[in-house]
Amino acid sequence: MSGYYTSADHFALLPALMLVLFGSAILLLEFLMPKGPARTRWLVGFTLLGLASAAIALLRQHQALSAPGSRIVAFSGSFTIDSFSLYFDWLFLAAAAIVTLISYRYLEIEGEHRAEYYGLILLACSGMFFLASGADLITMFLGLELMALSFYVLVGFLKRERRSNEAAIKYFLLGSFSSSLLAYGFSLLYGLSGSTNLEEIRRAIFTRGSLDAITALAMATILAGVLFKVSAAPFHMWAPDAYAGAPTAVTAYLSVASQAASFALLLRLFNGPLSPLDQEWRPLVAGVAVATLVIGNFAALTQENVKRLIAYSSVSHAGYLLLGLVAGNTTGLRGIAVYLAIYMFANLGVLMVLIAIRTRTSGMLEEDLSDLNGLGARHPLYAAAMLVFLLSLAGIPPTGGFLGKYYIFLSLLETGHAVLAVIAALYVAVSLYYYFRIVRGMYMTQGEPGPLASSIGMNVAVAISGVATLLLGLFPEPFLRFAAGALVR
Amino acid sequence: MVSFLDQLHWIPLFPLAGAALLMVFGPMLEKRARALIGFIACAAVLLSLLWSAGAVFELSQSVERSFEVVKFRWEPGLQFRLAGGGLAHLRADWGFLLDPLSAVMILVVTGISFLIHVYATGYMASAGGYYRFFGYLNLFVFFMLLLVMANNYLLLFAGWEGVGLASYLLIGFFFDRKAAGDAANKAFLTNRIADAALILGILAIFFTRGSVRFLDLAAGPWAATIALLLLIGAMGKSAQFPFHVWLPDAMEGPTPVSALIHAATMVTAGVYLIARSNLVFTASPDVANLVALVGAISAIFAASVALAQDDIKRVLAYSTISQLGFMFLALGVGAYWVAIFHLFTHAFFKALLFLGAGSIIHALHGEHDLHRMGGLFRKMPVTHATMLIGALALAGAPGMAGFFSKDEILAQLYGTGSPALYLIGILTSLMTAFYMWRLMQLAFYAKPAHAREVRESPLSMTGPLVVLAGGSVIVGWLGLPEAWAAGPLFQTFQNWLEPALGPHQEVKAGWLAGVAVLVAVAGIWLAWRFHDRRWHGPLANLLRNHWYVDQLYHTVIVRGVAHRGGYYLGHFDRLVVDGGVNGAAAFTRGLSRLSMFWDRWVIDGAVRAVGTMAKMGSFPVRFAQNGSVQSYALVLIAGLVALLWFSFGRPV
Amino acid sequence: MLDTFFFYAFALLTVAGAALAVTMRSAVHCAVWLIASLLGTAGLFLMQQAEFLFAAQIVLYVGGIMVLFLFVIMLVNLEAAARERQMRKRWPIALAGVLLLAAGLARSLEEGIRLPAPRPAPEAAAGNVQQIATVLFGEYLLPFEVASVLLLVAIVGAIVMAQREDAR
Amino acid sequence: MHPVTLYHYVALSAILLVIGVFGVLTRRNLVVILMSIEIILNAVNINLVTFSRHYQHVTGQVFAIFIIAVAVAEAAVGLGILIALFRNQETVQADEVNLLKW
């Protein structure tokens, strides 16, 4: 009975612990610091410091796990550090760091620059760590809730804005509703196996053999709960509203980090406890994936609000990612890993350019397509970066986005889902239409010149995302090797 | 000593560096040293041209006629299970291949690009955004070279999409015209649908053969599927029926762009792709027949539309579609080298014609309407002389480049024993000669329909015209049938391509050339006779008014008719006298109008309808998002119920 | 027999309380009926020898959460809202959805629930609270810590959201 | 009377789930919707305790404790958001919150 906090536990926990410590400390720190513009810079610096220390701890874990297939099991088996969790942890850290960089000027403009914002960013990130490393229903559920609760508050952070309020309440209601359904499914899983450990549940379900009605209920409720989190149709309806109403920096965080964490949950569950039922859930997920592609792409076609457009495009990306799960083989899982990372940089990039063109005078939270008009002349480098991000989202080589889709398509062919591959390829063509509405606005429309809210942090973030998007497409090999080990043990 | 062949990758890198330089320093140079922008752009392409020439020369000296340079591994070589059950490593490289086929392509691309860059320094001299234009143009050359030099399908696809992007940016370059932006979008989107097929085709190649390298390609399984998917991809890029709708609209771009991208290089990528994949096409005769069919339809259809166009660039655009159709015809009957030969000659005279048209438009301050030109042949002697050569080459006048390549295609069509295809080829040739000469008549020899002071274009523009005109005369002599003139020089082309595209078969029927000449002469004569006639009569007017509801052309026609009404009245007697012959001409015109009607309303309409339907489909999805949080919750529960009942429904 | 009686009594309280909680007009009444339902559940916990949860249910849920609810109800002055329509206009559609869900649940349960046999229980030397403590601080130490962070986030979130603007 | 079995408890839980879902889908009042979510979580707890009894260990009960913690946290945050919303819009009716749509 190893019920106590051992050094191995400590080693495993350290990155998440760092985030929690810094996240809590920053709340206290606010009172110690003088008011004024210097304070906000300190907040950003302190947050980055927290992320950096988590990164150092993560790097040490990385070194400890250099042997393929090795893993650290801690806390009586409820917490696992393996290549899977490490991969996702790096994604979360990168997303949090970039979001911190782009938040500075945005919060200044909105006049909501507060320590709680950064604290919640860090705490949400720690929740994602627990989610990705959880090997136990309870740990995963709490990690999920930790992340989700932080996001509910972050989405409503501009509390003087009606849209932000509304987005928060909608996201909160639907999110906790779906969480409660997920919890119901978890309770049934526990009932069917007598354990909360994922591996033991898998064994119990495996020995049950065929799918009986109560197992079907558990599977359906869990599917609904998890598919909600990844914003797959028809559980996606929170996404456009929450994305549109949230502060844009939070939209960025939500659309990449929360999405990635939810996929971590999805993969852990469906390749773990529910893997004996794959014959049953595969067609369901395939159906959901196609519905997601159709709805996401079609709804985006005529959107005028860029954030809603990006929301629907995220929905459609969730569809591609789910197709990787449908294929479910090595190539498909690698495809998901690669896709998530590439999508992260591109989507963050699009939203950060949106933040950069935001001015104090524009008032409302609304980001119209027309706001981007003439960006090509106003700020050629931002426009070029935006073009690269959009090309990546549209999956055009040689940007990174192409590779993600390429792997997903290949995995579909490999597992004999040729029809799904054709559908997916056709929807890539559709998606180009709405991405290029943005491009057309930037390059082929006259816009009004106005000041840009650029800051050093913003420029750094744009540079990082842009270079990452290009490099992932041009010389993806080192990254692909890293990702290849991530999802396959 | 530097070996050009070993450092092959520099060929595309020069234009890339040029594009990067222009994009970063362009805004600065635009204000201070405009000339330097043009110089950088031209120099980048010139370096690339010289390097290509060196590399091709070295290749011609070596015994091995295919040379690969692999710079980086693009894909990490993951294990992958193939259709046949075997394991393969997923692998694609940043690798470049120089073989006889890509050698021809890079020479065409860099050579024509260089001339057009030089021309553009004159043509765009007064346009805004000078650095952007040359930056995009260099970027295009980079992607085009990537396309033709890639050693695998995946890298080819990267270039393929890249040229699409560059073409998009260039078509929409004059974005203060709304039509330009629309045309850019249309071009990119139409292509993208075809590209979906192409990427599936590439995946299928990998999935069945375990490699996407060109040199590993073999006939093998799934040949027909792969060939079909590649064909659809090629049809998009090469603007073949019914994907051709984007090309005429793409003429909204600056004229040098039309010449380079939409006539000489990018649109031939489809032909290149099929020639490159000739093994799978040879292995699936049904798809090969389909290629020929697509080519035949495109050739005759586009030629008939070109008969009645009034916009000088649109005549040339439809002519391009038609000539690409010819190339597809040749590909379809398995005469790959002939298709590449025609691609080669066509690049010269079509670029020449476009640049000549650009010279006229430049001189007339943006006038595109043929009926408002005329009388230019004295005022623009160089443009006239070179255009004349280009027109004769395209019409197939004996001795010109177009004559040899087109005659060879016709001979091959005849030789493969399909009289229908041969007949279509002949008819298309007739129409080609007709619309080309009509263009020449209206632009140069008709009475001036304008009162502007017209000046010959500057040397930077006429220089390239002269060079291209020279090319249009001589390059045809490189691919003569042995029966006409045997000798290493006269068969350079087929001998050069033999290692890449297989041995060539000669069709021995001397009278075919006679027919071709006859047809060309007939077409030119008809055009000379009837170029300025308009068919009058109630039916014609009715049809004309009906077909020209299109707003864009409506104003042009109404103004045109009002302007020239008196002129036509004066010639009424002549019309009556020539009634009989006129009837035939009228019939041709009617046919042409019918084709155009079909094109503008049915094909284009169908494309638009698909777009509109997609947008219409958007609204129900969006309106379901009604803002009420409980509706969302209800949909969520509906989803849950569906999942639940579906999982019950499956056999336990 | 007594067990059966108590089960049905508590079950009735739980279900009726829940049903009234979602149908009563005034939010205060809803809250009161929800408390009744939660108390019924607490009784059910007691019947299943979950003494600790019984206490937690009463202290945390009834004492904590529901008081919070009542506070908020007073704060936002819901009595005005109580005079409005309480159901959505399209509630019959929702009802249809709920019925389909109920049918699905019934379908799942009609086969009965087949569970693996429990492993031979270890000596129940300790009482319920002690057992829970052992498991909570042993096997579930990490979730316990995560829960504390979760509550921290909840506190921060509630403060951020509910704080008046002029307070700073 | 039948003896009370595990089945009865699970069925009871299912009934509570349905009631909770009904509340979420139909009530206009956001506070009552929140309460309905609490009912669903309560249903989860009944399940957990019941299964815990079946297996004769306390894992399920521990899980239930965590569910209660989550319920507390959700209630706190949810009510906070609700108050912020009420300050700006003077309403707690779900269907009057529909600025964001389409």
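This short talk covers chain A and the two interfaces that chain D makes, with chain C and with chain A.

Ground rules first. This is a predicted model, where local features need pLDDT of at least 70 and side-chain atom pairs count only at pLDDT 80 or more, while totals for chains, interfaces and linings use all residues. Residues are numbered from 1 along each chain as its sequence is written, chains are lettered from A and ligands numbered from 1 in written order, and side-chain values use heavy atoms, with hydrogens and water left out.

Start with chain A. It has 19 helices and two strands. Those are DSSP runs, helices being H or I with at least four residues and strands E with at least two, numbered from the N terminus. The radius of gyration of chain A is 21 Å, close to the 23 Å from the globule rule for 489 residues, so chain A is as compact as a globular protein of that length. The radius is taken over C-alpha atoms, and the rule is 2.2 Å times the number of residues to the power 0.38. The C-alpha box is roughly 65 × 55 × 40 Å along the principal axes. Of the 489 residues, 74% count as buried, meaning under 20% relative accessible area with a 1.4 Å probe, protein chains only.

Now chain D against chain C. How many residues does each give to the contact? Chain D gives 70 and chain C gives 79, with contact meaning heavy atoms within 4.5 Å. Together they bury about 6,800 Å², 76% of it on carbon and sulfur atoms. That is accessible area (1.4 Å probe) lost on being put together, summed over both parts. On the chain D side, helices H1 (6–26), H2 (30–55) and H3 (59–89) each give two or more residues. H3(D) has the largest share, 23 residues. By class, that side has 48 nonpolar, 15 polar and seven charged residues. Here Ala, Val, Leu, Ile, Met, Phe, Trp, Tyr, Cys and Pro are nonpolar, Asp, Glu, Lys and Arg are charged, and the others, including Gly, are polar.

Last, chain D against chain A. The contact takes 40 residues from chain D and 43 from chain A. The buried area is about 3,600 Å², 74% of it on carbon and sulfur atoms. Salt bridges between chain D and chain A? The count is zero, using a side-chain nitrogen of Lys or Arg within 4 Å of a carboxyl oxygen of Asp or Glu. H1, H2 and H3 of chain D each supply at least two residues to this side. H3(D) gives the most, with 16 residues. The classes here are 28 nonpolar, 10 polar and two charged.

Terms used: Buried area is the accessible area (1.4 Å probe) that two parts lose on being put together, summed over both. Buried means under 20% relative accessible area, exposed over 50%, partly exposed in between (1.4 Å probe, protein chains only).
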